[in-house]
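Student: Can you walk me through this one? I'd like the big picture, then some close-ups.

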Amino acid sequence: MKMPSIIPCTSSNLASKHSKIYQFINCRLVRKGCIIKDDFWIRDGKILNPEPVFYDERVQADVRIDCHDALICPGFLDIQINGGFGYDFSSDVDNLEEAVSKVSHGVLSAGVTSICPTIVTSPNSVYHQVIPKLVKKAGGLDGASILGIHLEGPFISPEKKGAHPLQYIQEVEGIDKINDVYGCLDNVAMVTIAPELPGAKDVISYLANQGIVMSVGHSNGNLEDGEAAVNCGASFITHLFNAMLPFHHRDPGLVGLLTSRLICKPVHYGIIADGIHTHPAALRIAHRTHPEG
């Protein structure tokens, strides 16, 4: 694919007093769930409807950019990224700034414009070192935005630990325990917790009221546990199907949250769509059941 090229505009109809209008031509756009071929117009960082520009303002684009069939679409948000490019956020504590810089810049090439650096189940000392350093940051040409940290553990089910180290998994116990383990929560955007653990629902309510997205996952809990968690403030499911009870017709487990009528709000979900962790048929089931999730 060719790199986008700028086409000079020399028309006498160009207005001199308005902010510059950019017209992207020969591009593909995502519109109503389909990829279409159309032009894309921007002024002052906002998407334009070109018709009023033509008929009301009677101006043309100041700059035309040939995209050579490139796709223009909203940037992806990766809310569960443990590292990348040779770095791991949970273990490279001494090189954390370098790790975040490399990863946030590297993901831009894949269309990711915002990330939540994710810390897996770790010793308390790791949380106390990492959380103050992983500050929220607006993105740009140097790297994706840092939306905040995703703490995946340590309050998870030992039976559904996945790759998390068993020796660092902890009981919830209460709000004071949460504060002792994590320390400062200023940079935290999301927490994954097993909803069936004693005290988990109080913690979900407490953290959700602070604006932290609460996610259920790495859980041995049933649908009732999940429904109670959502009604306490949880709004997300961490890697649907993985590290949770499998779907069963008598108790669909956390998967059943996608169609539950006993919860107070819609639930969104993450899913590992690599064809290995989740079969493509399971992916289609989740999407057809809850496409907005």
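Tutor: Let's go from the whole chain to a few side chains, keeping in mind that this is a predicted model.

Student: How many helices and strands does the protein chain have?

Tutor: There are seven helices and 16 strands. The C-alpha trace spans about 70 × 45 × 35 Å along its principal axes.

Student: And what share of the residues counts as buried?

Tutor: 42% of the 293 residues in the protein chain. As for contacts with a separation of 6 or more, 69% of them are between residues 24 or more positions apart.

Student: Which domain does UniProt list?

Tutor: An unreviewed UniProt entry gives "domain: Amidohydrolase-related" for residues 72-285. Over that stretch the chain is 25% helix and 19% strand, and the C-alpha atoms at its two ends are 28 Å apart.

Student: OK, on to rings. How many aromatic pairs are there?

Tutor: The count is three. One of them is tyrosine 127 with tyrosine 182, an edge-to-face pair at 5.3 Å centre to centre, with 80° between the planes. It links distant parts of the chain: tyrosine 127 sits in helix α3 (residues 124-133) and tyrosine 182 in helix α4 (residues 175-182), 55 residues apart.

Student: Are those two tyrosines, 127 and 182, buried or exposed?

Tutor: Both tyrosine 127 and tyrosine 182 are buried. Tyrosine 182 also forms an edge-to-face pair with phenylalanine 155, at 5.7 Å between centres and 80° between planes. Those partners are 27 residues apart, with phenylalanine 155 in the loop between β12 (149-152) and α4. Put together, ring pairs link Tyr127, Phe155 and Tyr182 into a cluster.

Student: Why does phenylalanine 155 count as buried?

Tutor: Because its relative accessible area is 1%, and buried means under 20%.

Student: What does phenylalanine 155 touch, leaving out residues up to four places away in sequence?

Tutor: Its contacts include Lys177, Ile178, Val181 and Tyr182, and also Thr192, Ile193, Ala194 and Leu197. Proline 195 is 40 residues away along the chain from phenylalanine 155, and their C-alpha atoms are separated by 9.2 Å.

Student: Back to α4 for a sec. At what angle do α4 and α5 pack?

Tutor: About 65°, with the axes 9 Å apart; α5 covers residues 200-208. On the α4 side you have Ile175, Ile178 and Asn179, which meet Asp202, Val203, Tyr206 and Leu207 in α5. By class, that contact has five nonpolar, one polar and one charged residues.

Student: New topic: where is threonine 278?

Tutor: Threonine 278 is in the loop between β16 (268-269) and α7 (280-289).

Student: And why does threonine 278 count as buried?

Tutor: Its relative accessibility is 4%, so it counts as buried, the limit being under 20%.

Student: Which side chain does threonine 278 make a polar contact with?

Tutor: The side chain of asparagine 242, at 3.4 Å. A polar atom of the threonine 278 side chain also lies 3.2 Å from the backbone oxygen of isoleucine 272.

Student: What else is threonine 278 in contact with, leaving aside neighbours within four places in sequence?

Tutor: Besides Asn242 and Ile272, threonine 278 is in contact with Leu240, Phe241, Ile271 and Leu283.

Terms used: Residues are numbered from 1 along each chain as its sequence is written. Side-chain values use heavy atoms; hydrogens and water are left out. UniProt positions are given in the numbering used here, feature names are shortened, and annotations may be inferred rather than shown by experiment. Helices (H or I, at least four residues) and strands (E, at least two) are DSSP runs, numbered from the N terminus. Rings of Phe, Tyr and Trp (its six-membered ring) pair if their centres lie within 6.5 Å; planes under 30 degrees apart count as stacked, over 60 as edge-to-face and the rest as tilted. Buried means under 20% relative accessible area, exposed over 50%, partly exposed in between (1.4 Å probe, protein chains only). A polar contact is a pair of N or O atoms within 3.5 Å; within protein, one must be able to donate a hydrogen and the other to accept it, and residues adjacent in sequence count only if both atoms are side-chain atoms. Contact means heavy atoms within 4.5 Å. Axes are lines fitted to C-alpha atoms, for helices over the stretch in contact, and angles run from 0 to 180 degrees between N-to-C directions. Ala, Val, Leu, Ile, Met, Phe, Trp, Tyr, Cys and Pro count as nonpolar, Asp, Glu, Lys and Arg as charged, and the others, Gly among them, as polar.
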